Every structure is written in C-alpha cells, then in structure tokens.
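Biologist: I'm new to this one, so can we go through it together? I'd like to know what stands behind each label you use.

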Amino acid sequence: MIDARKKIMTGLVVSDKMDKTIVVQVSNRTLHPLYKKYVVSTKKFKAHDERNDAHYGDTVRIMECRHLSKDKCWRLVEIVERAR
C-alpha cells in the first residue's frame with residue numbers, strides 16, 4: 001500500500017543490528033550555486049523492517065509513516081537490490 005502523498009526515498013542499508021529496524025543512508029547530489037560543482041550530502045534514517053528481510057549493503061526503498069518510536073518514522077517498502 002503506497003500512498004502518493006508520502007515521501008519515498010531510495011538508499012543503502014548501513015546497519016541491520018537492531019531487531020525490526022534498519023538504518024538507511026540516503027545520498028543526495030546538488031549543484032553548488034557559486035562553484036558549479038556537485039556536492040554529495042548524506043543523511044541516515046531509521047526504518048521499520050517487520051520481517052528482518054533487509055541486510056547490510058542492500059539497496060532499499062523506504063516510505064514515511066507515523067512515528068513508531070522516538071527516531072523511527074519510516075518503513076521499508078521493498079528491497080531494490082540485494083548485496084553481493
């Protein structure tokens with residue numbers, strides 16, 4: 001069930017050590033207005049993984065949802081690519 005009004009992001013799993021929680025690192029490339037050079041900014045999000053499917057190195061898609069804990073307000077939608 002994907003809602004069109006909610007944000008969806010694609011990122012890399014950098015931690016799966018918690019139970020039913022993964023940490024997803026999302027990278028964003030933006031062009032610097034003055035120097036015209038691409039700058040990569042990264043941000044980490046905690047996401048809910050109900051079945052503990054995603055593992056370290058997987059590329060996943062996450063969607064925002066209601067707060068499930070203090071830091072966790074995203075949930076796993078799908079695993080785009082498994083780590084090798």
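Modeller: Let's begin with Val 24. Keep in mind that this is a predicted model. Leaving out residues up to four places away in sequence, Val 24 touches Gly 11, Leu 12, Val 13, Lys 43, Lys 44, Phe 45, Ala 47, Val 60 and Ile 62.

Biologist: What makes Val 24 and Phe 45 count as touching?

Modeller: Contact means heavy atoms within 4.5 Å. Phe 45 is on the list for Val 24, so the pair has heavy atoms within that limit.

Biologist: Which residues make up the largest nonpolar core?

Modeller: There are 11 in all: Val 13, Ile 22, Val 24, Val 26, Phe 45, Ala 47, Ala 54, Val 60, Ile 62, Trp 74 and Leu 76. E2, E3, E4 and E5 each supply at least two residues of this core, and E2 gives the most, with 3.

Biologist: How do you know that Trp 74 is buried, as a member of that core?

Modeller: Membership requires it: a nonpolar core is a set of buried residues joined through side-chain atoms within 4.5 Å. Trp 74 belongs to the core, so its relative accessible area must be under 20%.

Biologist: And Tyr 56, is that buried or exposed?

Modeller: Exposed, because its relative accessible area is 57% and the label needs over 50%. Tyr 56 sits in the loop between E3 and E4. Among the residues that Tyr 56 touches are Val 13, Ser 15 and Ala 83. Tyr 56 and Val 24 are 32 residues apart in sequence, with 9.4 Å between their C-alpha atoms.

Biologist: Where does Tyr 35 lie?

Modeller: In the loop between E2 and E3. Tyr 35 counts as exposed because its relative accessibility is 61%, again set against the cut-off of over 50%. The C-alpha atoms of Tyr 35 and Thr 21 are separated by 39 Å, with the two residues 14 apart along the chain.

Biologist: Why is the contact between Asp 53 and Arg 51 called a salt bridge?

Modeller: The closest approach, N to O, is 3.3 Å. A salt bridge needs a side-chain nitrogen of Lys or Arg within 4 Å of a carboxyl oxygen of Asp or Glu, so this pair qualifies. Asp 53 is partly exposed at 28%, whereas Arg 51 is exposed at 68%.

Biologist: How many salt bridges does the structure hold?

Modeller: It holds 5. One of them joins Asp 58 and Arg 82, whose closest N and O atoms are 3.5 Å apart. That pair links distant parts of the chain: Asp 58 is in the loop between E3 and E4, Arg 82 is in the segment after E5, and the two are 24 residues apart.

Biologist: What makes Asp 58 buried?

Modeller: Its relative accessible area is 2%, and buried means under 20%, so the label fits. Arg 82, at 46%, is partly exposed.

Biologist: What about the salt bridge of Arg 61 and Glu 78?

Modeller: Their side chains meet at 2.2 Å, N to O. Arg 61 lies in strand E4 and Glu 78 in strand E5, so the pair ties together parts that are 17 residues apart in sequence. Both ends are partly exposed: Arg 61 at 27% and Glu 78 at 35%.

Biologist: Which residues line the largest pocket?

Modeller: Glu 78 is one of them, and the others are His 48, Asp 49, Glu 50, Arg 51, Asp 53, Arg 75, Leu 76, Val 77 and Ile 79. The pocket has a volume of about 160 Å³. Strand E5 gives the most to the lining, with 5 residues. By class, that lining has 3 nonpolar, 1 polar and 6 charged residues.

Biologist: What makes the phi of Lys 20 worth a comment?

Modeller: Most residues other than glycine have a negative phi. Lys 20 has a positive one, near 60 degrees, in the loop between strands E1 and E2. Lys 36 also has a positive phi, near 55 degrees, and is placed in the loop between E2 and E3.

Biologist: Are those two lysines buried or exposed?

Modeller: Lys 20 is partly exposed, at 31%. Lys 36 counts as exposed, because its 57% is over the 50% mark.

Technical notes:
Residues are numbered from 1 along each chain as its sequence is written. This is a predicted model: local features need pLDDT of at least 70, side-chain atom pairs count only at pLDDT 80 or more; totals for chains, interfaces and linings use all residues. Side-chain values use heavy atoms; hydrogens and water are left out. Helices (H or I, at least four residues) and strands (E, at least two) are DSSP runs, numbered from the N terminus. Buried means under 20% relative accessible area, exposed over 50%, partly exposed in between (1.4 Å probe, protein chains only). On a 1 Å grid over the protein atoms alone, a cavity is a set of points where a 1.4 Å probe fits but cannot get out, and a pocket is an open set with protein on both sides within 12 Å along at least five of seven lines; lining residues have an atom within 4 Å of a point. Grid points are joined across faces, edges and corners, and a volume is the space filled by probe spheres set on the points. Ala, Val, Leu, Ile, Met, Phe, Trp, Tyr, Cys and Pro count as nonpolar, Asp, Glu, Lys and Arg as charged, and the others, Gly among them, as polar.
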